[in-house]
Amino acid sequence: MRRRQPPAVPPVPFSPAAARAHRAGLGLTPEQVVEGMAAHGVRLLPSHVLGWESGELRPAEDEFIALARALWCPPAQLMGVRPARLRDFRVARELNQESAAHRIGLALDRYQRAEATGQWDGDQEQTHALAQVLGTTLRELVAVTGRAQELDRRLRQCVDGRWQAQLRPIGRIVPVHEGDLTAVLTALQNEYQVTSHWGAGSWGSPAPAADTRAAARPLGERFWELLELLETEIPV
């Protein structure tokens, strides 16, 4: 029986055009770029630089970070796109897995598993540290930790039942101050429950127009809108 191979990890996002533009802007030759990379512990040939700039080659993680340092630019500028994975955010901060895990306060194997699977199982404190170490927004944090569906499910439970029971689980997903999360979940439940009850047509009068407009939005979207009104430590 053949052992199943783990899925291949996609390469770090890389923009050949951005690499060419940064090198040209500094007036550096490929030879000078590899000299700069060697100062950061990565030794390659000028042909590698040209291969990256033409799109024929893709830099490995350590090569990517060394190239960004040699070109004196933030790694994210060489990606050409906004990071979309835990690994991409980490590389954009010029961190290896060991450094990231240490700063977050997580065992290395647990962090490596999170990167490989896209599923995060840290507690609220670790999740808060993850966002700070990797420089994500709260929306990005939920996406890259694989918790978007769980958040949607728990928000629905807030509206259908008692939000208090969901306060701590949602805090593990969206690490904000408990008072802020309480305010948002209370408002969310009031908006959606009131609109649902008044809109049933069986009793009472129509819901206020503001509540109707708010509850017409998807539940998750309205959650982020309400949270964005507050001054959270981690940007929404």
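**Exercise 1. Helix 9 and its ends**

Asp 123 caps the N-terminal end of helix 9, with a side-chain oxygen 3.2 Å from the backbone nitrogen of Glu 125. Task: find which residues of helix 9 are buried and what covers them.

Solution.
- Start with the ground rules. This is a predicted model, in which local features need pLDDT of at least 70, side-chain atom pairs count only at pLDDT 80 or more, and totals for chains, interfaces and linings use all residues. Residues are numbered from 1 along each chain as its sequence is written, and side-chain values use heavy atoms, with hydrogens and water left out.
- Fix the terms. Helices are DSSP runs (H or I, at least four residues), numbered from the N terminus. Buried means under 20% relative accessible area, exposed over 50%, and partly exposed in between (1.4 Å probe, protein chains only).
- Count. Helix 9 spans residues 124-134, and 8 of its 11 residues are buried.
- List them. The buried residues are Gln 126, Thr 127, His 128, Ala 129, Leu 130, Ala 131, Val 133 and Leu 134.
- Look for the cover. It includes helix 6, helix 7 (97-104), helix 8 (108-117), helix 10 (138-144) and helix 12 (167-173).
- Check the far end. Just after helix 9, Gly 135 takes a positive phi of about 70°.

**Exercise 2. Two buried residues that touch Leu 130**

Task: place Leu 86 and Thr 145, then list their contacts.

Solution.
- Place Leu 86. It is found in helix 6 (residues 86-92).
- Test its burial. Leu 86 has 3% relative accessibility, so it counts as buried.
- List its contacts (heavy atoms within 4.5 Å). Not counting residues up to four places away in sequence, Leu 86 touches Tyr 111, Ala 114, Glu 115, Leu 130, Leu 134 and Val 144.
- Add one distance. The C-alpha atoms of Leu 86 and Trp 120 are separated by 9.7 Å, with their positions 34 residues apart along the chain.
- Turn to Thr 145. It is found in the loop between helix 10 and helix 11 (148-160).
- Test it too. Thr 145 counts as buried because its relative accessibility is 0%.
- List its contacts. Leaving aside neighbours within four places in sequence, Thr 145 is in contact with Gly 118, Gln 119, Trp 120 and Leu 130.
- Find the polar partners of its side chain. A polar atom there lies 2.7 Å from the backbone oxygen of Leu 141. The backbone oxygen of Val 142 lies 3.3 Å from a polar atom of the Thr 145 side chain.

**Exercise 3. Aromatic pairs**

Task: classify the ring pair of Phe 14 and Phe 64, then that of Phe 223 and Trp 224.

Solution.
- Recall the description. A pair of aromatic rings is described by the distance of the centres and the angle of the planes.
- Apply the rule. Rings of Phe, Tyr and Trp (its six-membered ring) pair if their centres lie within 6.5 Å; planes under 30 degrees apart count as stacked, over 60 as edge-to-face and the rest as tilted.
- Count. The total is 2 aromatic pairs.
- Take Phe 14 and Phe 64. Their centres are 6.2 Å apart and their planes stand at 80°, an edge-to-face pair.
- Locate both. Phe 14 lies in the segment before helix 1 and Phe 64 in helix 4 (residues 61-70), so the pair ties together parts that are 50 residues apart in sequence.
- Check burial. Both Phe 14 and Phe 64 are buried.
- Take Phe 223 and Trp 224. Their ring centres are 5.1 Å apart and their planes are at 70°, so this pair is edge-to-face.
- Check burial again. Phe 223 is buried, with a relative accessible area of 0%. Trp 224 is buried at 9%.

**Exercise 4. Positive phi outside glycine**

Task: say whether Trp 72 and Glu 94 are buried, partly exposed or exposed.

Solution.
- Trp 72 is not a glycine, yet has a positive phi of about 55°. It is found in the loop between helix 4 and helix 5 (75-79). Its relative accessibility is 76%, so Trp 72 counts as exposed.
- Glu 94 has a positive phi near 60°. It is found in the loop between helix 6 and helix 7. At 29% relative accessibility, Glu 94 counts as partly exposed.

Methods: Helices (H or I, at least four residues) and strands (E, at least two) are DSSP runs, numbered from the N terminus. A polar contact is a pair of N or O atoms within 3.5 Å; within protein, one must be able to donate a hydrogen and the other to accept it, and residues adjacent in sequence count only if both atoms are side-chain atoms.
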